[in-house]
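Here is a small set of exercises to work through with the model open beside you. Try each task on your own before you read its solution.

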Amino acid sequence: MLSKSRVKYIQSLYHKKLRDEEGCFVIEGPKITEEFLLRAPDKILSLYTVKSWLNNNSTLVKQMNPSGIFLIEEGDLEKISARSSPNQVLAIVKKKKEEHDAAVPPGVFLMLDDIQDPGNFGTIVRTADWFGIDTVICSKACADLYNPKVVQSTMGSLLSVNVIYTELIDWCKQNAGVAIYAATLHGKSIYQCSPLREGALLMGNESKGVHPELLQFCREQVTIPGRGKAESLNAAVAAGILLSHFMQK
């Protein structure tokens with residue numbers, strides 16, 4: 001059985017302030033935990049698992065120090081999980097070293113202007129990974145990369161994608177030569193645009209879109225033509241459609 005202090009500590013990591021202070025975060029479930037064990041076992045500080053999962057993954061966990069592995073019951077897992085239905089295993093993972101120098105990445109990258117929904121944010125990071133984009137530059141008002149819902153939505157892609165938080169307006173002023181294409185409702189049809197070889201695709205806030213102050217730095221506003229009556233597309237869905245077009249070979 002886990003001690004009350006350890007339960008309280010793990011629960012505290014669901015809050016950004018404590019994650020920042022401790023420099024770690026929580027991952028939950030077999031898929032993402034196995035991904036970390038395969039690709040970044042040194043990042044896992046401690047692992048909490050039911051017996052069945054541990055038995056099925058004995059080879060994977062051999063990379064860990066046994067003192068960091070805690071065999072627990074389902075009831076203990078429920079106490080430390082953020083999910084309504086906990087799933088076999090949970091781990092405490094060390095955060096990446098935070099980068100403050102948002103240099104212009106080579107090739108194509110994403111810029112996110114106040115994407116605040118954790119599910120959208122995590123899905124966009126995962127989508128970026130799918131299309132081979134390894135850098136996402138975000139405004140400081142975007143969702144926290146280590147929010148449990150963001151972590152879950154990335155499905156391990158936070159291991160592959162470099163997410164940098166900065167003041168976007170200041171960044172644009174300092175990098176005036178970068179080709180930025182802003183996703184808006186009234187831009188040029190993406191089907192009239194050529195695939196990108198370098199530059200940024202800028203996605204705006206779910207309800208307000210791209211801040212007007214940022215549009216002045218954009219080379220082009222682009223849109224996905226619609227045929228129905230929906231007012232707009234979900235931000236993560238839109239990012240996927242745009243990248244599917246712009247990342248064509």
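The exercises below go from the whole chain to strands, a helix and single residues.

Two notes on conventions come first. This is a predicted model, in which local features need pLDDT of at least 70 and side-chain atom pairs count only at pLDDT 80 or more, while totals for chains, interfaces and linings use all residues. Residues are numbered from 1 along each chain as its sequence is written, and side-chain values use heavy atoms, with hydrogens and water left out.

**Exercise 1. The whole chain**

Describe the secondary structure, the dimensions and the surface of the protein chain.

Step 1. Start with the secondary structure: the protein chain has eleven helices and ten strands. Helices (H or I, at least four residues) and strands (E, at least two) are DSSP runs, numbered from the N terminus.

Step 2. Next, take the dimensions. The C-alpha trace spans about 60 × 40 × 30 Å along its principal axes. The radius of gyration of the protein chain is 20 Å, which agrees with the value near 18 Å for a compact globule of 249 residues. That radius is taken over C-alpha atoms, and the globule rule is 2.2 Å times the number of residues to the power 0.38.

Step 3. Now look at burial and surface. Of the 249 residues, 49% count as buried; buried means under 20% relative accessible area, exposed over 50%, and partly exposed in between (1.4 Å probe, protein chains only). The protein chain exposes about 13,100 Å², of which carbon and sulfur atoms supply 48%. These areas come from the Shrake-Rupley method with a 1.4 Å probe, and for residues only the protein chains shown count as cover.

Step 4. Finish with contacts (heavy atoms within 4.5 Å). Among those with a separation of 6 or more, 76% are between residues 24 or more positions apart.

**Exercise 2. Strands around β4**

Find the partners of strand β4 and say how they run.

Step 1. Locate β4 at residues 89-94, where five of its six residues are buried.

Step 2. Look for pairing, which requires that DSSP finds at least two bridges between two strands. Strand β1 (residues 24-28) runs antiparallel to β4, with five bridges joining them. Strand β2 (residues 44-49) also pairs with β4 in the antiparallel sense, over five bridges.

Step 3. Check the register. On the β1 side, C24 stands opposite K94 and E28 opposite L90. On the β2 side, S46 stands opposite I92.

Step 4. Examine the cover of β1. Five of its five residues are buried, so β1 is largely enclosed by the rest of the structure. C24, V26 and E28 point one way, and F25 and I27 the other way.

Step 5. Zoom in on S46, which is buried with a relative accessible area of 9%. Leaving aside residues up to four places away in sequence, S46 touches M64, G68, F70, L90, A91 and I92. S46 and E28 are 18 residues apart in sequence and 12 Å apart in space, C-alpha to C-alpha.

**Exercise 3. A helix and its packing**

Identify the buried residues of helix α3 and the elements they pack against.

Step 1. In α3 (residues 30-39), the buried residues are P30, I32, T33, F36 and L37.

Step 2. These buried residues pack against β1, β2 and β4, together with the helices α4 (51-56), α5 (58-61) and α8.

**Exercise 4. Strands around β8**

Work out which strands pair with β8 and where A182 sits between them.

Step 1. β8 (residues 180-189) pairs with β9 (residues 199-203) in the parallel sense over three bridges. β8 is also parallel to β10 (residues 220-223), with five bridges joining them.

Step 2. A182 stands opposite L202 in β9, and its bridge partner in β10 is Q221.

**Exercise 5. Loop residues**

Locate D114, M155 and Q216, and compare their accessibility.

Step 1. D114 lies in the loop between β5 (108-112) and α7 (118-130). D114 is buried, at 13% relative accessible area, and has a positive phi of about 60° although it is not a glycine. Most residues other than glycine have a negative phi.

Step 2. M155 is in the loop between α8 (148-154) and β7 (162-166). M155 is partly exposed, at 23%, and its phi is near 50°, a positive value.

Step 3. Q216 lies in the loop between α10 (212-215) and β10, and counts as exposed at 61% relative accessibility.
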